[in-house]
Every structure is written in structure tokens, then in C-alpha cells.
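Trainee: Could we go through this model and ask, for each label, what justifies it?

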Amino acid sequence: MSDDSEEACSADELLPMPADEENKVGFAPQQTPNTSCAQQPTPPTKYWQLHRGRNTICWDGRIITASQYNVIFLTIGLNTAVMALFLAFDCRYLVIHVSPVFPVIAVLNYIFIVSVLLRCALTDPGFLPRAPPDEAQYNENKGGPLDGKVGAIKVMEITVKGQPVKLKYCVTCKFFRPPRASHCGTCDSCVEDFDHHCPW
């Protein structure tokens, strides 16, 4: 919206009452606030807009890939080449001598493999948002070194269902990671239930 339209649609702007209402006996002319131009709330900032890490993000955050996104094209190309060779050579023999079901099974298997690969490559693996500055400052003063050793990883102990759980501090993301989360050095982000970095 331009500045002119914002001035025209300010919350203090008053609209006059209709003339027929003002002419009624005993009616005091009043004005009502113009609510048709109320300010729209600004949309919240999304996590990927604050911290992109080393990932490639497209389509308003709906697609997240690793920084080496060319690997996905290479993988799909190799799968497609193998499928084409199978259909061109082996499949013909199998259809004639064994069963015509083989090409159908091969194509369905190829579609399944590529769809699962795309789902793996293009979805969020569970990135955890970094702490904002005020929370990071608060976290810096919390917890203590692991096993009391100087310079060791800071930990904070909490109780979950009556069991003590130690949360490790991430010096890059500035927060205490939940259990099974770890910092991925390739993506430069903490990932929930992190096991290993997937090149796709």
C-alpha cells in the first residue's frame, strides 16, 4: 500500500452518518469510525527467511535441498538410463518368454523410486530454528560444562516423565538441543533426529 492510501485509510478517519438518519427527531448526529481500511497484520517471518544455512530454498520454503542440488539430477538421470536400457533390451525378452507383467512392474517400481527420492531430496529434514539474540544471551548463562570439565560441552539437565535428560548446548545455533538432535556441519543447522548428512 502507498503512503497516500495509508493516510486515506487511517484508523482515526470518521465517516458521516447518512442524511436520512440525521433528520430523524431526537437523533444526535454522530460519526462512526471507518473500519473498512483497518491495517492488515504483517505476516510472520518464516524460519528459512531468517537463517538459510547452506541449503537451497525454493518456492517460499516448500522445497529445501542440499547445497549440492546437482546430485539429485545426476541420480534421477542414472535411474532413468537404467530403466530405459531395461525396457529396450531385457524387457522385450521377458515379455515374450516369461510374462507381459514385467514392464508394468518395472515402470511402477521406477515411479516409486523417483517419487521417494524426490520426497527425500526436496523436503525439510527437521531443521531446528536458531535462537534469537535475546534467547541466545539467556542460554549463554544457563547450564554447565559436561562432567565438570573446563572447556567441555555445556549441558542442561531437565526431567522428562520422571527421568533426567541432559540437553547439549550448540555453540553455533545458541540453544540447548533436544535429545537425538545434532548439528549438521554440511547444512550448518541443527537437525532433529539427526543420523547422517544425506547428499540429496
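The conversation below sets labels against their definitions.

Mentor: This is a predicted model, in which local features need pLDDT of at least 70 and side-chain atom pairs count only at pLDDT 80 or more, while totals for chains, interfaces and linings use all residues. Residues are numbered from 1 along each chain as its sequence is written, and side-chain values use heavy atoms, with hydrogens and water left out.

Trainee: What is the average pLDDT of the protein?

Mentor: The average is 75, and 72% of the residues score at least 70, where pLDDT is the predictor's confidence in each residue, from 0 to 100. Over residues 1-17 pLDDT stays under 50, and over residues 21-29 pLDDT stays under 50 as well.

Trainee: Why is Val107 called partly exposed?

Mentor: Its relative accessible area is 33%, and the label covers values between buried (under 20%) and exposed (over 50%), computed with a 1.4 Å probe and protein chains only; Val107 is therefore partly exposed.

Trainee: What makes the nonpolar surface patch, and which helix gives the largest share?

Mentor: Leu87, Val104, Val107, Leu108 and Ile111 make a patch of about 420 Å², and helix α5 (residues 101-122) supplies the largest share, with 4 residues. Patch residues need over 30% relative accessible area and no salt bridge (a side-chain nitrogen of Lys or Arg within 4 Å of a carboxyl oxygen of Asp or Glu), and nonpolar side chains (Val, Leu, Ile, Met, Phe, Trp, Tyr) are joined within 5 Å, like charges within 9 Å. Val107, at 33%, therefore passes the area cut-off.

Trainee: How do you know that β7 and β8 pair?

Mentor: Strands are DSSP runs of E, at least two residues, and helices are runs of H or I, at least four, numbered from the N terminus; two strands pair if DSSP finds at least two bridges between them. Strand β7 (residues 154-160) and strand β8 (residues 163-170) run antiparallel and are joined by 6 bridges, so the requirement is met. Glu157 stands opposite Lys166 in β8, and the two strands form a hairpin with 2 residues between them, where Lys161 in the turn has a positive phi of about 55°.

Trainee: What makes β5 and β10 edge strands?

Mentor: In the open sheet of 3 strands, ordered β5-β11-β10 with antiparallel pairing, β5 (127-128) and β10 (182-184) each pair on one side only. β5 and strand β11 (residues 189-191) pair over 2 bridges, so they satisfy the minimum of at least two.

Key. Areas by Shrake-Rupley, 256 points an atom, 1.4 Å probe, with all protein chains shown as cover. Contact = heavy atoms within 4.5 Å.
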